[in-house]
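Q: I'd like to learn how to read a model like this one without getting lost. Can we go through it feature by feature?

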Amino acid sequence: MTANLLHSQDATMPETRRKQSLALRQLVSLFRELLGSPTSAFGLVVITILLLTALLAPVIAPYDPNIINLGNALQPPSAAHWFGTDELGRDILSRIVYGTRISLTIITIVSVIVGPIGLIVGTTAGYFGGWYDTFMMRITDIFLSFPSLILSLAFVAALGAGLENAIIAIGLTAWPPIARLARAETLTFRGADYISASRMQGASALRIIVKSIMPMCLPSVLVRVTLSMATVILTAAGLGFLGLGAQPPLPEWGAMIATGRRYMLDNWWLVAFPGGAILLVSLAFNLLGDGLRDALDPKQR
Amino acid sequence: MNAIEVRNLSIDLGFGAAKRRILGDVSFSVEAGESFGLVGESGSGKSTILRCIAQLLKAWEGDILIAGQSVRDMPFDEYCRMVQMVFQDPYGSLHPRQSIRTALQEPLRIHRMDRQVERMERALIDVGLNPDFLSRYPHELSGGQRQRVAIARALILEPRILLLDEPTSALDVSVQAEVLNLLADIRARRNLTYLFVSHDLAVIDHMCEQLAVMQHGRLVEIMSRDVLATGRASDPYARDLIQASLEYDQAV
């Protein structure tokens with residue numbers, strides 16, 4: 001058994017190295033393609049800036065986002081406060097900069113939940129078919145029949161307000177489109193000869209799904225997840241705005257708009273800048289998703 | 001003992017009034033070490049029979065025996081090491097994102113075979129490919145090379161029976177001859193049993209000792225290769241088919 005194991009490792013060693021270099025080359029050519037078109041290049045650049053901002057927030061932000069200075073409240077944009085200050089005298093630029101961390105956390109966790117769930121539900125439903133397929137697809141239908149914001153609202157209301165619950169609620173509402181997509185892709189592959197061949201070699205259903213079907217579904221799922229990130233940001237901001245997402249001291253963009261709403265008519269900067277940030281980032285994810293689809297989908301070429 | 005025995009194999013689709021028989025009471029047997037051909041026009045059910053024997057289709061009635069044992073009772077991994085299949089389309093039968101190494105190693109891993117590297121290299125050499133091909137991907141190979149890899153993959157579990165579903169019809173004529181010679185060569189070396197489906201009588205004539213002619217989901221006649229040369233088939237459809245093939249060859 002041990003000797004057997006060693007042997008198989010021997011065989012896979014150059015394989016993994018080659019796979020890595022191949023993957024690296026593919027990644028480089030993918031980036032080149034994304035930067036080639038102006039729209040996806042814009043998306044990529046904005047998201048890179050977003051990532052760097054979140055990473056370097058303490059360096060970039062000129063002030064502490066939570067320091068209250070009532071003597072300095074509701075200042076319009078100036079050299080000292082580029083985006084002005086809010087009703088408690090907090091610097092809006094600093095709050096937006098720290099807010100990127102919250103947005104990115106939400107996006108990352110939601111994608112990590114949603115991608116695998118959607119992929120597993122979709123590929124198993126597509127591969128097994130029959131009553132299992134019907135059952136799973138009716139469940140996804142039920143999820144899909146609600147507007148995602150309303151459904152997340154219901155979940156958050158049930159689970160209690162807060163950032164973690166908002167993330168769970170968004171995750172629960174964002175997987176059905178991905179499951180649908182993965183199922184549709186699986187249906188086109190499952191009759192393929194290479195699946196039949198691997199079935200004849202004695203591969204179990206699990207092995208076929210994980211090794212043969214999932215790699216084929218991955219590109220389109222990746223595109224779909226990127227596109228849904230825009231919706232995730234909007235839903236998170238919406239929940240924050242309604243007071244059900246991130247709670248007040250946290251510099252979440254939606255919550256910032258919600259508190260700024262009362263002063264909106266005289267102090268436009270309270271809502272304009274966080275609103276602009278939401279717009280920019282969700283637009284960037286949409287454009288990047290579109291670019292990824294063009295780059296990854298061989299059918300479009 | 002017969003390597004493959006098919007008794008009263010039939011398939012019905014639909015229910016009630018819409019019920020249609022697409023394969024009716026097919027019976028034949030193939031001796032161990034023999035090469036048996038199935039011919040017929042498109043849609044006559046030849047590939048369907050193959051897929052039933054391959055257990056890719058489950059909804060059939062009748063009996064299929066492999067080496068005297070019913071396929072329904074046979075443990076599946078034992079069956080896999082007994083029977084393998086080569087598919088028609090070399091472009092669809094290899095996973096586009098798996099290297100040749102992965103394609104060949106998967107069956108070895110599933111069946112926990114020893115000396116994997118040696119077996120994989122041996123398998124490629126046996127089908128006339130360089131072991132360097134292991135690290136290539138299907139899109140880097142030609143159609144003929146892909147079909148050789150598919151044959152290597154089918155042989156890597158050392159089966160006794162090979163099901164061949166028009167293995168050369170998607171290939172160029174010159175490559176067809178190479179692959180057919182390779183298949184004939186492998187059979188002679190390993191004493192394999194072939195069940196060969198083709199619509200090309202010339203290919204069957206070259207490859208098989210026995211053949212069965214099919215029409216509309218029925219087996220109309222089983223004959224030996226000698227009958228092809230004389231054209232003295234007893235069934236009128238089989239006679240027409242052989243005659244048409246002969247005339248076509250003369251015209252070409």
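Q: Among contacts in chain B between residues at least 6 apart in sequence, what percentage join residues at least 24 apart?
A: Keep in mind that this is a predicted model. Here, 66% of those contacts in chain B join residues at least 24 apart.

Q: How many helices and strands does chain B have?
A: Chain B has nine helices and 10 strands. Its radius of gyration is 19 Å, close to the 18 Å that the globule rule gives for 252 residues, so chain B is as compact as a globular protein of that length. Along its principal axes, the C-alpha trace of chain B spans about 50 × 45 × 35 Å.

Q: Now the sheets. In what order do the four strands of the open sheet in chain B come?
A: The order to follow is 2-1-4-5, with antiparallel pairing. Strand 2 (20-31) and strand 5 (69-70) of chain B are at the edges with a single partner strand each, so one side of each has no neighbour in the sheet. For a close-up, take strand 1 (residues 2-13) of chain B, which pairs with strand 2 of chain B over eight bridges in the antiparallel sense. Within that pair, I11(B) has L23(B) as its bridge partner.

Q: And which order does the open sheet of six strands have?
A: That one reads 6-7-8-3-9-10 in chain B, and its pairing is mixed. At the edges you'll find strand 6 and strand 10 (218-224) of chain B, each pairing on one side only. On average, neighbouring strands of this sheet are turned by 20° against each other, direction ignored. Look at strand 7 (residues 161-165) and strand 8 (residues 193-197) of chain B: they run parallel and are joined by five bridges. There, I161(B) stands opposite T193(B) of strand 8.

Q: What lies across strand 9 and strand 10 of chain B?
A: That's helix 9 (residues 236-251) of chain B, which runs at about 105° to strand 9 (210-215) of chain B.

Q: On to the interior. Which residues have the most contacts inside the largest nonpolar core?
A: To read a core, start from its best-connected members. This core has 139 residues, and L163(B) and L195(B) have the most contacts inside it. The element that gives the most to this core is helix 9 (residues 205-241) of chain A, with 16 residues. Leaving out residues up to four places away in sequence, L195(B) touches I4(B), V30(B), F36(B), L50(B), I53(B), L163(B) and L164(B). Across chain B, buried residues make up 42% of the 252 residues.

Q: Let's try a single residue. Is L182(B) partly exposed or buried?
A: For this, count the C-beta atoms around it; a residue is buried if 20 or more others lie within 10 Å. L182(B) has 18, so L182(B) is partly exposed. You'll find L182(B) in helix 6 (residues 173-190) of chain B. Not counting residues up to four places away in sequence, L182(B) touches V127(B), G128(B) and R148(B). L182(B) and V127(B) are 55 residues apart in sequence, yet 6.9 Å apart in space, C-alpha to C-alpha.

Q: Last one: how many residues of chain B are in contact with chain A?
A: On the chain B side it's 30 residues, in contact with 22 residues of chain A. Elements giving two or more residues to that side are helix 2 (76-80), strand 6 (83-86), helix 3 (100-110) and helix 4 (116-126) of chain B. Helix 3 of chain B provides the largest share, six residues. By residue type, the side of chain B that touches chain A divides into 11 nonpolar, nine polar and 10 charged.

How values were computed:
Residues numbered from 1 in each chain as written. Chains lettered and ligands numbered in written order. Predicted model: local features only at pLDDT ≥ 70, side-chain atom pairs only at ≥ 80, totals over all residues. Contact = placed C-beta atoms within 7 Å. Nonpolar A, V, L, I, M, F, W, Y, C, P; charged D, E, K, R; others polar. Pairing = 2+ DSSP bridges. Rg over C-alpha atoms; globule rule 2.2 N^0.38 Å. Buried ≥ 20, exposed ≤ 12 C-beta atoms within 10 Å, placed from the backbone. Core = buried A, V, L, I, M, F, W, Y, C linked by C-beta atoms within 7 Å. Axes fitted to C-alpha atoms, helices over the stretch in contact; angles between N-to-C directions.
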